[in-house]
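User: I am new to this structure and would like to understand how its descriptions are justified. Please go through it with me.

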Amino acid sequence: MSDRQDIQDVLDTINASGFPVTVSADYLAKTPPAASLQHLDGSRWAKRYVDGSGTRELPAMIWYRTSGADSSSRLDANAALRELADTLEALGDLPGDVTAIRASGTPVLAERDEGGEVWRMALVVESRRESPSVE
């Protein structure tokens, strides 16, 4: 499998999780509510074995645009992202080569304007890689 497929699998998993908005890949719509999963720089091998197999870590960010700009809306946005993290971390049967999805931080208010607010939360996606086939 590939990093691309891992991100697609995570995107599909988030969209099946009950998160209140359909999440797009690398595109956060201007009109709330909207959400996006962004693949970040810094993918790395967490473990690498002599045969070429190992465990990859892919950093990602979930962005969540809300229409509210009051305390109640902020608490709702924060709670939705925290619940998503709890749901993803509790999943035992993940698709493809993905072995774990975990939050690497807490939800943070990233941007505020007249249309609402944008929240973000960092994720780490772990996946396994088999040794390359030799023909």
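User: Why does Arg102 count as partly exposed?

Analyst: Its relative accessibility is 30%, and the term buried applies under 20% relative accessible area, exposed over 50%, and partly exposed in between (with a 1.4 Å probe and protein chains only). Arg102 therefore counts as partly exposed. This is a predicted model, in which local features need pLDDT of at least 70 and side-chain atom pairs count only at pLDDT 80 or more, while totals for chains, interfaces and linings use all residues. Residues are numbered from 1 along each chain as its sequence is written, and side-chain values use heavy atoms, with hydrogens and water left out.

User: What is the confidence in the chain, and where is it lowest and highest?

Analyst: The pLDDT, which is the predictor's confidence in each residue from 0 to 100, averages 91 over the chain, and 97% of the residues score at least 70. Confidence is lowest in strand β3 (residues 44-48), at a mean of 85, and highest in strand β1 (residues 23-25), at 97.

User: What makes up the secondary structure of the chain?

Analyst: There are two helices and seven strands, where helices (H or I, at least four residues) and strands (E, at least two) are DSSP runs numbered from the N terminus. From the N terminus on, the elements run α-β-β-β-β-α-β-β-β.

User: Why is the link between Glu57 and Arg102 called a salt bridge?

Analyst: A salt bridge is a side-chain nitrogen of Lys or Arg within 4 Å of a carboxyl oxygen of Asp or Glu, and the side chains of Glu57 and Arg102 meet at 3.6 Å, N to O, so the pair satisfies the rule. The pair links distant parts of the chain, with Glu57 in strand β4 and Arg102 in strand β5, 45 residues apart. Glu57, at 14% relative accessibility, counts as buried. Both residues also belong to a network of salt bridges that links Arg44, Glu57, Arg102 and Glu126.

User: How many salt bridges does this rule give, and which parts does the pair of Arg129 and Asp6 tie together?

Analyst: The count comes to seven salt bridges. In the one between Arg129 and Asp6, the closest N and O atoms are 3.0 Å apart. Because Arg129 lies in strand β7 and Asp6 in helix α1, the pair ties together parts that are 123 residues apart in sequence. Arg129 and Asp6 are both buried.

User: What is the accessibility of Glu130 and of Arg128, whose side chains meet in a salt bridge?

Analyst: The N to O distance in this salt bridge is 4.0 Å. Glu130 has 59% relative accessibility and so counts as exposed, whereas Arg128, with a relative accessible area of 35%, is partly exposed.

User: Why is β4 said to be largely enclosed by the rest of the structure?

Analyst: Twelve of its 13 residues are buried, so β4 is largely enclosed by the rest of the structure.

User: How do you know which strands pair with β4?

Analyst: Two strands pair if DSSP finds at least two bridges between them. β2 and β4 have six bridges in the antiparallel sense, and among the partners across them Ala34 is matched with Arg65 in β4. Four bridges join β3 to β4, which also run antiparallel, with Arg48 facing Gly54. The hairpin of β3 and β4 has five residues between the strands, and Gly52 takes a positive phi near 95° there. β4 and β7 pair in the antiparallel sense over 13 bridges, and Thr55 stands opposite Arg128 in β7.

User: What makes the span of α1 close to the expected one?

Analyst: The expected span of a helix is 1.5 Å times one less than its number of residues. α1 has 13 residues and reaches 18 Å from its first C-alpha to its last, close to the 18 Å expected. Among its buried residues are Ile7, Val10, Leu11 and Ile14, and what covers the buried residues of α1 includes β1, β2, β4, α2, β5 and β7.

User: Which residues touch the most other members of the largest nonpolar core?

Analyst: A nonpolar core is a set of buried Ala, Val, Leu, Ile, Met, Phe, Trp, Tyr and Cys residues joined through side-chain atoms within 4.5 Å. Of the 27 residues in the largest one, Ile14, Phe19, Val23, Leu37, Tyr64 and Leu123 touch the most other members. The largest share of this core, six residues, comes from α2. Taking contact as heavy atoms within 4.5 Å, and leaving aside neighbours within four places in sequence, Leu37 is in contact with residues including Ile7, Val23, Ala60 and Leu123.
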